[in-house]
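Thanks for sharing this one. Here are my notes as numbered points, to read with the structure open beside you.

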There are 2 protein chains.
Amino acid sequence: MGITERRIRQKDGVRSSILDTAWKIVREDGWQSLSIRKIADAIEYSVPVVYDHFENKEAILLEFGKQGYCLLSNRLQEAKDTSEDPAEQLQRIADAYWHFAFTEKEYYQLMFGVNISCCETEKCLPEKEVFRNMVMDPLSKLLAKNQDKTVNACLKYHTFWSIMHGLISIKMLNNPDIADELNKLVLDDAIQGFIKNLQG
Amino acid sequence: MGITERRIRQKDGVRSSILDTAWKIVREDGWQSLSIRKIADAIEYSVPVVYDHFENKEAILLEFGKQGYCLLSNRLQEAKDTSEDPAEQLQRIADAYWHFAFTEKEYYQLMFGVNISCCETEKCLPEKEVFRNMVMDPLSKLLAKNQDKTVNACLKYHTFWSIMHGLISIKMLNNPDIADELNKLVLDDAIQGFIKNLQG
DNA sequence: TATGATTATCTAACACCGTTAGCAAAAGTA
DNA sequence: TACTTTTGCTAACGGTGTTAGATAATCATA
């Protein structure tokens with residue numbers, strides 16, 4: 001029964017080369033430039049072969065979306081693990097998030113629709129929950145120390161995420177507007193303010 | 001010489017109807033759905049006529065971009081004028097910005113590339129400066145009162161803008177994720193924290 | 001080993017998209 | 001009326017996502 005296995009291996013090989021090629025195109029010329037025909041050309045197969053592995057173009061984007069969320073979750077987990085102090089954890093997570101956004105720019109753009117139209121399904125990936133919890137944990141701990149019990153962890157989580165995403169996406173759009181150092185200052189400033197505010 | 005004037009009026013009429021039609025398409029089916037052919041169909045002219053009035057599709061988007069920045073500037077100015085107190089002004093501006101983003105969703109998406117690829121030229125519109133100054137003014141006044149002279153108004157401006165944009169774009173992407181009331185709470189929370197931080 | 005079924009793959013098309021060259025008709029001018 | 005300018009059109013080019021249907025290769029079985 002090695003025959004069918006070899007076939008599966010070959011089929012998986014084609015699937016992988018589709019993703020590899022797509023990724024290469026995106027890295028070189030951006031998401032706008034990705035097309036099924038370019039992929040087919042590059043893997044030296046005809047167009048319909050691509051559709052044997054992915055229902056449509058969105059399915060390919062979705063695959064990268066999943067990859068992106070996994071990668072981001074791992075990066076944030078690593079950052080979080082470098083400290084036990086919740087406040088420090090939050091700061092590290094913010095740094096890691098920032099770092100991810102610009103070292104893995106293509107992932108970030110796809111995941112959060114920065115300057116591209118991310119596919120509908122991208123919006124409700126289950127993978128999102130993982131990194132939500134990652135931020136919620138140190139945040140809740142900080143709030144627990146706080147005397148003011150009215151503040152909501154869920155609300156604060158959204159505030160945190162919004163600050164991060166706002167900073168990142170604005171920097172991504174207006175590339176040369178501000179120097180990198182200033183941007184990092186803005187991030188640190190915003191997060192410091194946020195954490196201070198959190199501690200009451 | 002009334003003939004050439006009538007001609008100009010007619011030509012302007014076609015130009016207007018192009019923009020009107022385009023805007024209608026966008027409002028009904030989003031930016032993704034806008035195409036030159038659809039515009040031409042709707043105004044009952046052939047495709048090249050559209051190109052007599054706009055060099056290309058980007059030029060049409062740019063026109064809407066300008067409109068958007070003008071509208072936003074006016075709204076922010078109105079909001080600012082409702083108070084003399086800088087802190088209150090900032091709060092009102094934030095509210096107005098938020099309100100603009102969701103009542104004029106299509107403009108906002110185009111202007112800040114939320115879930116669409118805004119054209120290159122959109123990034124460096126001179127109209128942007130107007131509303132930058134609008135925020136900088138009360139911000140500087142607040143900082144002037146502050147004893148700590150190290151904080152930078154430019155930096156704080158970016159922080160402000162990032163918080164706003166982050167909140168808005170995340171809400172725009174994950175439509176039903178959070179209730180509207182919570183979102184408004186997050187905004188108020190973030191801006192209150194920001195202003196408090198500003199006052200030292 | 002020949003036959004039938006399955007799988008892999010391709011060609012060619014459909015319906016869109018932005019954009020433009022070149023021509024016909026209309027309108028204005030002399 | 002004859003000439004010039006403007007106006008508008010048809011038809012194409014090259015690109016996109018997607019799919020129907022034919023062909024060639026491979027496999028399983030008689």
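1. Let's start at DNA strand D, where a backbone N or O atom of Ile36(A) lies 3.0 Å from one of the strand's phosphate oxygens. That pair is a polar contact, meaning N or O atoms within 3.5 Å; within protein, one must be able to donate a hydrogen and the other to accept it, and residues adjacent in sequence count only if both atoms are side-chain atoms. Arg6(A) also reaches a phosphate oxygen of DNA strand D, with an N or O atom of its side chain at 3.2 Å. Arg37(A) goes to a base instead: an N or O atom in its side chain is 2.7 Å from a base nitrogen of DNA strand D.

2. Before going on, please keep in mind that this is a predicted model, in which local features need pLDDT of at least 70, side-chain atom pairs count only at pLDDT 80 or more, and totals for chains, interfaces and linings use all residues. Residues are numbered from 1 along each chain as its sequence is written, chains are lettered from A and ligands numbered from 1 in the order in which they are written, and side-chain values use heavy atoms, with hydrogens and water left out.

3. Which residues come nearest to DNA strand D? Of the 20 around this strand, they are Ser35(A), Arg37(A), Tyr51(A), Lys57(A) and Ser46(B); a residue is near a strand if one of its heavy atoms lies within 4 Å of it. By class, the surface near DNA strand D has nine nonpolar, three polar and eight charged residues. Here Ala, Val, Leu, Ile, Met, Phe, Trp, Tyr, Cys and Pro count as nonpolar, Asp, Glu, Lys and Arg as charged, and the others, Gly among them, as polar. Of the atoms of DNA strand D within 4 Å of the protein, 55% are from sugar or phosphate and the rest from bases.

4. Now to DNA strand C, which has 21 residues around it; Ser46(A), Arg6(B), Ser35(B), Arg37(B) and Lys57(B) come nearest. Three contacts go to its phosphate oxygens. A polar side-chain atom of Arg6(B) is 2.8 Å from one, a polar backbone atom of Ile36(B) is 2.9 Å from one, and a backbone N or O atom of Lys57(B) also lies at 2.9 Å from one. The residues of this surface divide into nine nonpolar, three polar and nine charged.

5. Both chains take part at DNA strand C. Chain A supplies at least two residues from each of helix H1 (2–29) and helix H3 (47–53), and chain B does so from each of helix H1 (2–29), helix H2 (36–43) and helix H3 (47–53). Helices are DSSP runs (H or I, at least four residues), and strands are runs of E of at least two, numbered from the N terminus.

6. How are the two protein chains related? A rotation of 179 degrees with 0.0 Å of shift along its axis superposes chain A on chain B, with an RMSD of 0.1 Å; the fit is by least squares on the C-alpha atoms of residues with pLDDT of at least 70 in both. This is the relation of a two-fold axis. In chain A, the C-alpha nearest the axis belongs to Gly166(A), at 1.7 Å. The copies meet through the same surface, because 100% of the interface residues of chain A are also interface residues in chain B.

7. Chain A has nine helices and zero strands. It is divided into domain 1 (1–54) and domain 2 (61–198), with bounds from an automatic or database domain assignment. The centres of these domains, taken over C-alpha atoms, are 32 Å apart. Each domain gives nine residues to the contact between them, where contact means heavy atoms within 4.5 Å.

8. Finally, a look inside helix H1 of chain A, the place of Thr21(A). Is Thr21(A) buried or exposed? It counts as buried because its relative accessibility is 13%; buried means under 20% relative accessible area, exposed over 50%, and partly exposed in between (1.4 Å probe, protein chains only). A polar atom of the Thr21(A) side chain lies 2.7 Å from the backbone oxygen of Ser17(A). Leaving aside neighbours within four places in sequence, Thr21(A) is in contact with Ile39(A), Ala42(A) and Ile43(A).
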